[in-house]
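Please open the model in your viewer and keep the sequence panel beside it. The tour below goes from one selection to the next, and each stop says what is to be found there.

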Amino acid sequence: MSQALTVDALSEQIHHHLIYRIGKDIRRATHHDWRMALSYAVRDKIVEPWFEATRKTYEDRRKRVYYLSMEFLIGRILEDAMVNLGLRDIAAQALARFDIDLAKLIEDEPDPALGNGGLGRLAACFLESMATVECPAFGYGIRYEHGLFKQHFDQGRQVEAPETWLRQRHPWEFERTEVRYPIGFGGEVIERDGKFLWQPAQQVAATCYDTPVIGWEGKFATTLRLWSAKSVELFDLEKFNRGDHAAAAMPETFASTLSRVLYPDDTTEQGKELRLKQEYFLTSASIQDILRRFLSEYKDLRLLPEKAAIQLNDTHPAIAGPELVRLLVDVHGFALIDAIEMAQKTLNYTNHTLLPEALETWSTWLMGRVLPRHMQIIQAIDQWHHDQSQRPTHLGIVRHHNVHMGDLAFIMASKVNGVSALHSELVKSTVFADLSSLHPERVINQTNGITPRRWLRTANPRLSALITEAIGDVWTRDLGELRALEGFADDRNFLEQLAKVKQANKTDLAQYLSATCGVSVDPQAMFDVQVKRMHEYKRQLLNIFETIALWHNIRQNPTANWTPRVKIFGGKAAPGYAVAKEIIHLINNVADVINNDASINGLLKVVYPANYNVSMAQRLIPAAELSEQISTAGTEASGTGNMKFTLNGALTVGTLDGANVEIREHVGAENFFLFGMTAEQVVERRRNVQHAKIAIDASQNLRDLLQMVAEGRFSADNPARYHGIVDRAWHHDHYLVTSDFDDYYATQRQIDSVYQDSLQWQKMSLLNIARSGYFSSDRTIRGYMSDIWGIH
C-alpha cells in the first residue's frame, strides 16, 4: 500500500495539481477544483503499478483476459481508489491543511453513467478483483455520453433525462489518440478471386479512453478501455457554406449517436438497428484491438487461444464470433473452418438470463442489411456446427428468418457459464437444453461475487472498523476470514456494538431521505429495502401489494403489536417498458397516501428515491435490515445485490431463486426468511390457467388490496389509472404474484416478530456477515481463471 506517502508529500501534490493542472489558486478554488486536484494526485499513485503490471505481463508472456460488456457500472472512483491504495486517511489529513473536508469532495464526484444494473456492476467488481488477484485483463465497453438516463419523478411518474457526467472533465481516464479503428456498416459483399470483400456503405472510427483499475493494496492494475465513436469524414464545409447545415454535420451526428446512450429504446425499427450497430461497434473495435496487441508480441495467430481469453458478458457482444472469423479470414488469410475453430477456442460466454425474450434475436433482413458479411459468416458457422455435431435442423442459429444471438454465443464458445448453481442447471435444462445435450461438457457454473473492498470496507466504514477490531483486516483480501466472527455470535457486548453500527447507518440514511425526498422516517423502524432494475419478474409489484395490505390491516386494527417499517424502493424502468413504469407510478402513489395518513401514527412509511445508482446503493445497503430478494423462482440468474445486503448484515426475505439458494445454504436456513414456490412448482402452477383467480379467491388480503387499487384509492385524480394492473393480476399473472402473495405476507409477519427480539435479530445478522465469504468476486475470478480461461 501507499503508506510511505506522507501527508506533507500528498499536500504538495494536491496543491501542485490545483495550480498547474486546474489553474486555480487556493483562495479561488471551488470544491470541484479541489476534487479534481485530489483525483489527479491519487491517479499519479495508480499509474506506476498500472505500468508495472503491463510490463510484467509482457515480460512473462502471460495470457490475457478480455472482458467484453455493454455495461461497466463502476461507481465513483475517488474513494475506492484511495481505499485500495491505503490513502484515505492521509488524504483527509492533507486536505484538512487547506480547510477542505474530504467527505464533501467524495460527494462532489458524479457516478460514471456506464451501466444500469447487476450486469454492469458485476463487470466492475470483476475488473477490481482481477486486479487484486493479479490476473492480466482488459475490460472493453462504450464511453456513453449520456448513459441510460437520469431518473426523476413527476407526480409519481418516471421521467427520463440525459445523464451529464461528461459535462465536466473525467480525471481518471487517459485518451489514446493513437488508437483508432474503422467500423463499417451496410454496403455490399463482393467476391473476387475466390475471396469475399466487404465494402461498407458507412464507416465510423472507434477511439478509446483508458481508465486504470487498481487492486487491493495497489500492487496490480487492470485496464478499462472505453470506445467513443467519431466521424471518419471531416466536417463538410462546402455544404455548410451552401446553407445545408444539417447535411454538413450528418456524419458527425451519426457517429456520436453510437456512443451517446446505453440501450436505446428498441421498440422501433430504428431503435433495433441502432442497438445492433452499437453492439457491433463495441465488439469490432475490441476484437481489432485484441488482434493488434497479440500481433505486437507474437507472429503466429494460431497461438491466439493460448494467449487470449475473450469473455462475452451476456449476448450483447455475441457478434464477436463472426467478427473474429471475418478478421481472421478476410484480413489475415485463414481458411474459413480454421478461423471458426480458432475463434471458438478463444471465446467464452456468460449467460445472464433465463428469459427467452432477453436472448437477443435480429431479423435476417436487419442483420443482412447492417452487417452483410457477418450474415454470410453466421450461416457458415451454422453449417459448420451442423456438420460437426449432426444436430437436428431445428437447432440452427438462423431459424424462422431470425438470427438467435444466444445460440450463436453458445456455439461459438469454448465454455458457457451460468452465474449461480441453480441458474447453471436451468441453462442446461431450459433455454439451451438441446445445445447442452449436444455439448454436455460445455456449460459450467461460476457463481457471481462482489468485491468486499467497495461493498464493505468503503461503503460501510463503521462495520468494517468493528470487524477489523475483532478479527484483524485479512478479510479485505480473503473474505472467508469473516468466519472468525462466528465466535462472537453469543457475545452480548459485540452484538450490541453491531446494533449501534446499524443504527448509526440508519440515522445517516434517514437524514439523506429527508433532505432528498422530503420524507421523514423513524430510524428506530425496520428499514426494509428492495433496490434493483424494475422488471415484472423481480416482483416489486408483490412488495407494494404487501405494503398496501399491511397499511389496510394497520388501519383496521391500529392498537395491535405492529412492527414499524420503512419500505424503501429504488431502480429504473427501461424507457419503453410501460408495465414497469406503471408499477413505479403505483409505488409512488401508494407512498403519497400512506405517508400522509396520520391514522397509522407513522407505523409505515414508503420512500422511492429517484435515480438509483452505485453511490445511492452505498448509502442504502449499509442501513438496510431486510433485503427483498423476491423474484419468481426460476427467473433470476443470480443477483449480486442479495450478496451485498448479506455482507452488510441485512437478513433476506426471498425465494429459492438465483444465488438466494446458495446464500441460504451458506448462512443457514434458520437465518434466512424463505417463502414461495420452487422453480418446479412455478412451472406446474402455470399449467393451471385459473391459478390467479384461485389464489385471489382464497385470500381476503388480496381481494381487499386489489379492490382498493381498482376503485382508485391511490389515484383519486384518475380512479381507472391502475385497472391494467388489476386486470393483469386476475388474468395475466405470469410471474405468480398472486399465488405467492399469502405466503409472502405471512413470512413478513414472522419477520416482524423476530425483529422485536433485538438480540436474536443481531445474532442472525452477524451470522449472515460471518458466512458471506464465499460470495467474494475474488473467489469467482479464481474460478474463471482455472476453469475457463486457463490462467494460473
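At roughly what angle do the axes of helix α12 and helix α13 cross? The model is a predicted one, and to answer from it, select residues 320–331 for α12 and residues 336–346 for α13, whose axes come within 9 Å and cross at roughly 135°. That angle makes α12 oblique to α13, and the crossing is right-handed. To see how the pair meets, show the side chains of G321, L324, V325, L328 and V329 on α12 together with L336, A339, I340, M342, A343 and T346 on α13, which make the contact. Coloured by class, the residues of this contact divide into 9 nonpolar, 2 polar and no charged.

Stay in this part of the model and centre the view on L324, which is found in helix α12. Is L324 buried or exposed? With a relative accessibility of 0%, L324 counts as buried. Setting aside residues up to four places away in sequence, L324 touches I287, L291, L304, A343 and T346, and two residues in that list, A343 and T346, also belong to the α13 side of the helix contact. If you add T283 to the selection, the C-alpha atoms of L324 and T283 lie 9.2 Å apart in space, although the two residues are separated by 41 residues in sequence.

Go next to the beginning of the chain numbering and select helix α1 (residues 7–20) with helix α2 (residues 31–59), which pack at an angle of about 120° with their axes 8 Å apart. At that angle α1 is oblique to α2, and α1 passes α2 in a right-handed crossing. The contact is made by L10, Q13, I14, H17 and L18 of α1, and from α2 by D33, W34, A37, L38, Y40, A41, D44 and K45. By class, this contact has 8 nonpolar, 2 polar and 3 charged residues.

The third helix pair is α21 (residues 492–517) with α24 (residues 614–623), which pack at an angle of about 135° with their axes 8 Å apart. The two helices are therefore oblique to each other, and the crossing of α21 and α24 is left-handed. Display K502, N505, K506, L509 and Y512 in α21, and you will find that they meet M616, R619, L620, I621, P622 and A623 in α24. The residues of this contact divide into 7 nonpolar, 1 polar and 3 charged.

Leave the helices for a strand and select β9 (residues 221–231), in which L226 lies. L226 counts as buried, at 4% relative accessibility. Beyond residues up to four places away in sequence, L226 touches L114, G141, I142, R143, T207, C208 and Y209. For a longer view, add L371, which is 145 residues from L226 in sequence and 22 Å from it in space, C-alpha to C-alpha.

Now turn to the cysteines: how many disulfides does the structure hold? The structure holds 0 disulfides, and C125 and C135 are useful places to check this. The sulfur of C125 has its closest cysteine sulfur in C135, 15 Å away, which is too far for a bond. Taken from the other end, C125 likewise holds the closest cysteine sulfur to that of C135, at 15 Å. C125 counts as buried at 1% relative accessibility, and C135 is buried as well, with a relative accessible area of 0%.

The last two stops concern backbone angles. Most residues other than glycine have a negative phi. Select H401 in the loop between β13 (398–399) and β14 (402–404), where phi is near 65°, a positive value in a residue other than glycine. H401 counts as exposed, at 67% relative accessibility.

Then move to L736, in the loop between α30 (723–731) and α31 (737–755). The phi of L736 is near 60°, again a positive value in a residue other than glycine. Here, however, the surroundings should be inspected with the surface switched off, since L736 counts as buried at 0% relative accessibility.

Terms used:
Residues are numbered from 1 along each chain as its sequence is written. This is a predicted model: local features need pLDDT of at least 70, side-chain atom pairs count only at pLDDT 80 or more; totals for chains, interfaces and linings use all residues. Side-chain values use heavy atoms; hydrogens and water are left out. Axes are lines fitted to C-alpha atoms, for helices over the stretch in contact, and angles run from 0 to 180 degrees between N-to-C directions. Helices (H or I, at least four residues) and strands (E, at least two) are DSSP runs, numbered from the N terminus. Angles under 35 degrees count as roughly parallel, over 145 as roughly antiparallel, 65 to 115 as roughly perpendicular and the rest as oblique. A crossing is left-handed if the near helix is turned anticlockwise from the far one by less than a right angle, and right-handed if clockwise. Contact means heavy atoms within 4.5 Å. Ala, Val, Leu, Ile, Met, Phe, Trp, Tyr, Cys and Pro count as nonpolar, Asp, Glu, Lys and Arg as charged, and the others, Gly among them, as polar. A disulfide is a pair of cysteine sulfur atoms within 2.5 Å. Buried means under 20% relative accessible area, exposed over 50%, partly exposed in between (1.4 Å probe, protein chains only).
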